[in-house]
Amino acid sequence: MMQNFHFLFAAWIAVWAVFFLYQMSIASRAARLREEVEQLKQQIREG
Amino acid sequence: MKARILITMLTAAVVFFAGYAALFIAPDERTMHEIQRIFYFHLGCWTAMFTALTIAFVANIGWLVEHKPHWDWLSVSSVEVGVVCCTGGLITGILWGKPAWGIWWTWDARLTTCFVLWLLYISYLILRGLIEEPGRRATLSSVFGIFAFLDAPLVYVSNRLWRTQHPAPVLFGGPNSGLDPIMVKVLMISMAAMVAVMVIVLAERYRLERLRHEVDELRMVCQARAALSGDPAPSPASRN
């Protein structure tokens, strides 16, 4: 009855892993861009 | 910010309940037993993907009609999120195919049209990376995005038009199709949960695109100042 449980578990993990990794990639790209915004603003302020 | 936290917490609750309902409330299917429960995540991924790609399609038309940057930001964001959902749908399909059919993959009508859809939108993202000028990039990718979306309805009708390996539709599939009423309710909750997750991720991705636009604008200011003073100018913001 539970012989295919590992496939069900793998599918559940896979779906959330895909979303989690993507969310992590967005967060890291956003952090990089925020840092760049700050640097550019400072560059503009300093003239 | 408070609203964002509230929406995220609400979505997390729906996702948790959907997972619980799929695993413990939905009745066991007669032939496939517990492996059939992949169905709830699998169809959830496809529903979220179709929603994201429909948003991208509307945004592509929006850009071609109005040429306002927010349409382009929405388009690239929803395509990227749609590709993520499509990847989830393909992986869950592969993991369901092996125990149900005895094979990981087959080139049947539904699977092939899905795979082509995934490739088309990956190409859309690659195409965007190849064009530097923002206006030209948005126009060309919008035209390509509209073309790519033509495959989406084909994916939907593929298992109605051609009876191959993939099962016939269980929803809106004709007189011999249908689901147990509890399965339908669990399926609706699962689909709502995946769409809600997709919308939250899409909002995050859209904010990222807006931030990238801000960087590009600041870089232009720096470049203009550098040109006036004769200093080396900063390079354009990376699109990765």
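Trainee: What makes up chain A in terms of helices and strands?
Mentor: In this predicted model, chain A has one helix and zero strands. Its C-alpha trace spans about 70 × 5 × 5 Å along the principal axes.

Trainee: And how many helices and strands are there in chain B?
Mentor: Chain B has seven helices and zero strands. Along the sequence the pattern reads α-α-α-α-α-α-α. The C-alpha atoms fill a box of roughly 75 × 40 × 30 Å, taken along the principal axes.

Trainee: What share of each chain counts as buried?
Mentor: In chain A, 23% of the 47 residues count as buried. In chain B, the figure is 38% of 240 residues. The cut-off is 20 or more other C-beta atoms within 10 Å.

Trainee: Why is A:Ser28 called buried or exposed?
Mentor: Count its neighbours. A:Ser28 has 10 C-beta neighbours inside 10 Å. Exposed means 12 or fewer. Therefore A:Ser28 counts as exposed. This residue sits in helix α1 of chain A. Its C-alpha atom is separated by 29 Å from that of A:Gly47, 19 residues apart along the chain.

Trainee: How do you know that the chains touch, and how many residues are in contact?
Mentor: Residues are in contact if their C-beta atoms lie within 7 Å. By that test, 26 residues of chain A are in contact with 30 residues of chain B. The chain A side of this contact has 19 nonpolar, three polar and four charged residues.

Trainee: Why are α1(A) and α2(B) called roughly parallel?
Mentor: Look at the angle. Helix α1 (residues 5-46) of chain A and helix α2 (residues 38-66) of chain B pack at about 30°. Angles under 35 degrees count as roughly parallel. So α1(A) and α2(B) earn that description. Their axes are 9 Å apart, and the crossing is left-handed.

Trainee: Which residues meet there?
Mentor: From α1(A) come A:Leu8, A:Ala11, A:Trp12 and A:Val15. From α2(B) come B:Ile38, B:Phe41 and B:Cys45. By class, this contact has seven nonpolar, no polar and no charged residues.

Trainee: What is the angle between α3(B) and α4(B)?
Mentor: Helix α3 (residues 69-101) and helix α4 (residues 109-130), both of chain B, cross at roughly 145°. Their axes come within 10 Å. This crossing is left-handed. Among the residues in contact are B:Val76, B:Val83 and B:Leu90 of α3(B), with B:Leu117, B:Trp118 and B:Leu125 of α4(B). By class, the contact has twelve nonpolar, one polar and two charged residues.

Trainee: What makes a set of residues a nonpolar core?
Mentor: The members are buried, belong to the listed nonpolar types, and are joined through C-beta atoms within 7 Å. The largest such core here has 65 residues. Those with the most contacts inside it are A:Ala11, B:Met49, B:Ala52, B:Cys85 and B:Met198.

Trainee: Which elements give two or more residues to this core?
Mentor: They are α1 of chain A together with α1 (2-25), α2, α3, α4, α5 (134-149), α6 (151-161) and α7 (181-229) of chain B. The largest share, 16 residues, comes from α2(B).

Trainee: What does B:Ala52 touch?
Mentor: Leave out residues up to four places away in sequence. Then B:Ala52 touches B:Ser78, B:Val81, B:Gly82, B:Cys85, B:Met198 and B:Leu202. There is also a second, separate core of five residues, including A:Leu33, B:Leu208, B:Val215 and B:Leu218.

Trainee: What share of the contacts in chain B join residues at least 24 apart?
Mentor: The share is 72%, among contacts between residues at least 6 apart in sequence.

Trainee: What is phi of B:His33, and where is this residue found?
Mentor: Phi is near 55°, a positive value in a residue other than glycine. Most residues other than glycine have a negative phi. B:His33 is found in the loop between α1 and α2 of chain B.

Trainee: Why is B:His33 called partly exposed?
Mentor: B:His33 has 16 other C-beta atoms within 10 Å. Buried needs 20 or more, and exposed needs 12 or fewer. The count of 16 falls in between, so B:His33 is partly exposed.

Trainee: And what makes B:His67 partly exposed?
Mentor: B:His67 has 13 C-beta neighbours inside 10 Å. Exposed stops at 12, so B:His67 counts as partly exposed. B:His67 lies in the loop between α2 and α3 of chain B. Phi of B:His67 is near 55°, again positive in a residue other than glycine.

How values were computed. Residues numbered from 1 in each chain as written. Chains lettered and ligands numbered in written order. Predicted model: local features only at pLDDT ≥ 70, side-chain atom pairs only at ≥ 80, totals over all residues. Axes fitted to C-alpha atoms, helices over the stretch in contact; angles between N-to-C directions. Helix = DSSP H or I, 4+ residues; strand = E, 2+ residues; numbered from the N terminus. Left-handed = near helix turned anticlockwise from the far one by under 90°. Contact = placed C-beta atoms within 7 Å. Nonpolar A, V, L, I, M, F, W, Y, C, P; charged D, E, K, R; others polar. Parallel < 35°, antiparallel > 145°, perpendicular 65-115°, else oblique.
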